[in-house]
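New to this one? Take a look at the structure below, and then we'll walk through the ligand and its surroundings.

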Amino acid sequence: MTFLITAGPTREPIDPVRYISNRSSGKMGYAIAEAALDAGHEVILISGPVNLAPPRNAKFISVSTSDEMSDAVHQHANSSDICVLCAAVADYKAAKVSPVKIKKSANGISIQLVPTRDILQSLGRQSTRKFLLVGFAAETDYLEANAVKKLRAKNCDIIVANDARSGMESDENELLILFRDGEMKKISRAPKKFLASELVKIFLNSRENRLTKNV
Ligand code: C5P
């Protein structure tokens with residue numbers, strides 16, 4: 001099987017020295033990549049800027065902006081069996097990137113932000129897709145309700161939800177896994193490495209069931 005995995009944050013430039021980003025460490029996505037490799041699968045890891053060494057046997061694609069991540073994902077999704085979009089893609093980018101450093105102003109400034117392309121949603125909209133589509137949801141409130149909404153809105157097969165406060169930057173996480181058919185699984189707090197190997201098994205199993213149903 002080929003896994004396509006996105007990980008880490010994206011950086012959306014404002015000017016040549018400034019950007020909008022978030023606190024994603026990339027640890028969960030990298031752990032899933034390692035677990036899939038350990039289980040003997042092929043991995044394409046598309047990563048935003050993080051402080052982690054790329055897994056040795058993965059095809060590694062380094063990106064910075066959400067547009068670069070989107071292009072890389074679209075280039076490889078249809079030749080993958082399982083797409084796991086774990087990256088914390090920035091939701092907004094500057095409407096116009098200044099070609100020169102913006103000068104400090106005593107009056108304050110406003111930067112107009114526009115939404116980035118939603119990569120997960122664009123894959124979910126491909127009616128002929130053959131790959132299993134997995135999204136992540138980091139929430140600070142109403143975890144289950146927000147995750148169910150995301151599963152439907154983005155038309156994915158699985159949403160892996162976690163509390164943004166306890167999961168980001170940490171080596172541990174606690175997960176709620178929601179499936180398209182309404183099934184739900186909980187994995188209590190554990191190291192991301194353990195969670196990753198459980199997730200890989202769950203994804204493979206779901207991919208198998210999906211294929212059986214399609215026959
Ligand atoms: O809507 P929200 O950002 O909370 O959704 C999170 C999920 O959507 C994650 O799987 C993330 O990788 C994906 N996403 C994306 N492109 C975006 C924003 C989020 O693929 N522009």
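## Who surrounds the ligand

Let's start with the shell. Helix 3 (119-124) and strand 9 (132-139) each put at least two residues into the shell around the ligand. Keep in mind that this is a predicted model.

In total, 13 residues surround the ligand, and Leu85, Ala87, Arg117, Phe136 and Lys150 are the closest. As for the make-up of that shell, you'll find six nonpolar residues, five charged ones and two polar ones.

## Where the ligand sits and what it touches

The ligand's home is the largest pocket. Backbone atoms come up again and again here. An oxygen atom of the ligand lies 2.7 Å from a backbone N or O atom of Ala87. A polar backbone atom of Leu120 is 2.8 Å from an oxygen atom of the ligand, and a polar backbone atom of Arg117 is 2.8 Å from a nitrogen atom of the ligand.

How much of the ligand's accessible area does the protein cover? On its own the ligand has 450 Å² of accessible area, and the protein covers 85% of that.

## Arg117 has a second partner

Arg117 is among the closest residues to the ligand, and its side chain also meets that of Asp67 in a salt bridge, at 3.1 Å from N to O. This pair links distant parts of the chain, 50 residues apart: Asp67 belongs to helix 2 (residues 66-76), while Arg117 is in the loop between strand 8 (113-115) and helix 3.

Across the whole structure, a search turns up 13 salt bridges.

Terms used: Residues numbered from 1 in each chain as written. Predicted model: local features only at pLDDT ≥ 70, side-chain atom pairs only at ≥ 80, totals over all residues. Heavy atoms only, no water. Near = heavy atom within 4 Å. Polar contact = N/O pair within 3.5 Å; in protein donor to acceptor, adjacent residues only side chain to side chain. Areas by Shrake-Rupley, 256 points an atom, 1.4 Å probe, with all protein chains shown as cover. 1 Å grid on protein atoms, 1.4 Å probe; cavity = no way out; pocket = protein on both sides within 12 Å on 5 of 7 lines; lining within 4 Å. Sits in = over half its atoms within 2 Å of the grid points. Helix = DSSP H or I, 4+ residues; strand = E, 2+ residues; numbered from the N terminus. Nonpolar A, V, L, I, M, F, W, Y, C, P; charged D, E, K, R; others polar. Salt bridge = Lys/Arg side-chain N within 4 Å of Asp/Glu carboxyl O.
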